Amino acid sequence: MAVFTEVSAAQAQALLDHLSLGRLTSLRGIGAGIENTNYFVDCEHGHYVLTLFERLTAEQLPFYLRLMQHLAQRGIPVPEPHADAAGEILFEVAGKPAAIVDRLHGGHQLAPDAFHCAQVGATLARMHLAGQDFAMHQPNLRGLAWWQRVVPQLLPFLDAGQAGLLTSELAYQEQLAASARYADLPRGPIHADLFRDNVMFEPGEGPGRERLTGFFDFYFAGVDTWLFDLAVCLNDWCIDLTDGRLIEERASVFVAAYESERPLSGAEHRLLPALLRAAALRFWVSRLYDLHLPREASLLKAHDPSHFERVLRERRAKPWHALHGEAAE
Ligand SMILES: Nc1ncnc2c1ncn2[C@@H]1O[C@H](COP(=O)(O)OP(=O)(O)O)[C@@H](O)[C@H]1O
Ligand SMILES: N[C@@H](CCOP(=O)(O)O)C(=O)O
């Protein structure tokens, strides 16, 4: 149950009054989620999600919330934080930083096919383009600098084969990050965690034809290469979850849909296999970290790290190019 902090109807109503959203008609805690307290809030003026941030501080939150606002105002389907008369979007509820955002319709698609992947791919590219003029800056806090800091702390928990893999992949990524071809990759605000459970679909016209209604959970967002964001998606949306194998047909559809909105450069095509490895490393490291070095009083339920170890081994053994021929290395 992911209601870590109880919110009373009176507390919710006080926020609704401040935002001129009318009378509260329903307040329901949301069971899913592992980081924050979430409630569905229905009121006279609409349907919203109230989030109380259990980990992120009031200093860190403006980047995420303003990014969501920026994207929503440019037509990207993401929950828009609701502002008060002064334009504020971050409030305090039950002693925690809190925001109220639009509720997306529908549910997750945990068994996606090419049709779902095409929608996510195209929307991802549109989101990247819409974020280009976002003025705030925060690096990807789960990027190379973080891997360099935590990998030494993780090595004692691993067997020799795993430690060798982790060390050699980190060295490969350090070399890549220092290269001119990497420096030339286009970048901007990225979601950085756009897994199947962070996208909503609702039933559409015709059987099985669901429509994407939005991306949410932007709380790992940061400025990084757009290609890294694409690689994170391919490693989740386009794989066989049992063995980490990339399903090439689905991945090709995903990339083609992305390119229908923003064609990849030759350099991006060439570096995709390296970034698929980076994206696998990122989640292997974070899952190892959450398992072996949980933060004090952590609310996190650790995910299985061995999944991303398998994904990383697969990407190293079988580099995948969306394009074959001259663009491939
Ligand atoms: N804007 C939203 N619209 C609709 N449902 C949402 C929205 N935000 C969160 N949810 C629901 O709440 C659940 C938990 O949210 P999530 O952001 O994954 O929590 P956590 O940050 O704790 O992991 C999601 O799986 C989803 O069902
Ligand atoms: N997608 C990450 C975990 C991030 O947690 P979230 O529930 O906030 O998306 C992983 O699978 O390791």
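## Surroundings of ligand 1

In this predicted model, the shell around ligand 1 is made up of 9 nonpolar, 3 polar and 4 charged residues. Of its 16 residues, those that come nearest are Gly33, Glu35, Pro79, Leu104 and Asp217. Both domains take part in the shell: domain 1 (9-102) and domain 2 (114-317) each supply at least three residues.

## Surroundings of ligand 2

Around ligand 2 stand Ile34, Glu35, Asp193, Phe195, Asn198, Asp217, Phe283, Ser286, Arg287 and His303. By class, this shell holds 3 nonpolar, 3 polar and 4 charged residues. Glu35 and Asp217 are listed here and also among the residues that come nearest to ligand 1.

## Domains and their contact

The domain assignment splits the chain into domain 1 (9-102) and domain 2 (114-317). Taken over C-alpha atoms, their centres are 27 Å apart. In the contact between them, 16 residues of domain 1 meet 20 residues of domain 2. The side of domain 1 that touches domain 2 consists of 11 nonpolar, 1 polar and 4 charged residues.

## Sheet and helix α1

Five strands form an open sheet with antiparallel pairing, in the order β1-β2-β3-β5-β4. Its edges are β1 (24-29) and β4 (91-93), each of which pairs on one side only. On average, neighbouring strands of the sheet are turned by 35° against each other, direction ignored.

Within the sheet, β2 (residues 37-43) and β3 (residues 46-52) run antiparallel and are joined by 7 bridges. Cys43 is placed opposite Gly46 of β3. Helix α1 (residues 9-18) lies across β1, β2, β3, β4 and β5 (96-102), and runs at about 120° to β1.

Key: Residues are numbered from 1 along each chain as its sequence is written. Chains are lettered from A and ligands numbered from 1 in the order in which they are written. This is a predicted model: local features need pLDDT of at least 70, side-chain atom pairs count only at pLDDT 80 or more; totals for chains, interfaces and linings use all residues. A residue is near a molecule or strand if its C-beta atom, placed from the backbone, lies within 6 Å of it. Ala, Val, Leu, Ile, Met, Phe, Trp, Tyr, Cys and Pro count as nonpolar, Asp, Glu, Lys and Arg as charged, and the others, Gly among them, as polar. Domain bounds come from an automatic or database domain assignment. Two residues are in contact if their C-beta atoms, placed from the backbone, lie within 7 Å. Two strands pair if DSSP finds at least two bridges between them. Helices (H or I, at least four residues) and strands (E, at least two) are DSSP runs, numbered from the N terminus. Axes are lines fitted to C-alpha atoms, for helices over the stretch in contact, and angles run from 0 to 180 degrees between N-to-C directions.
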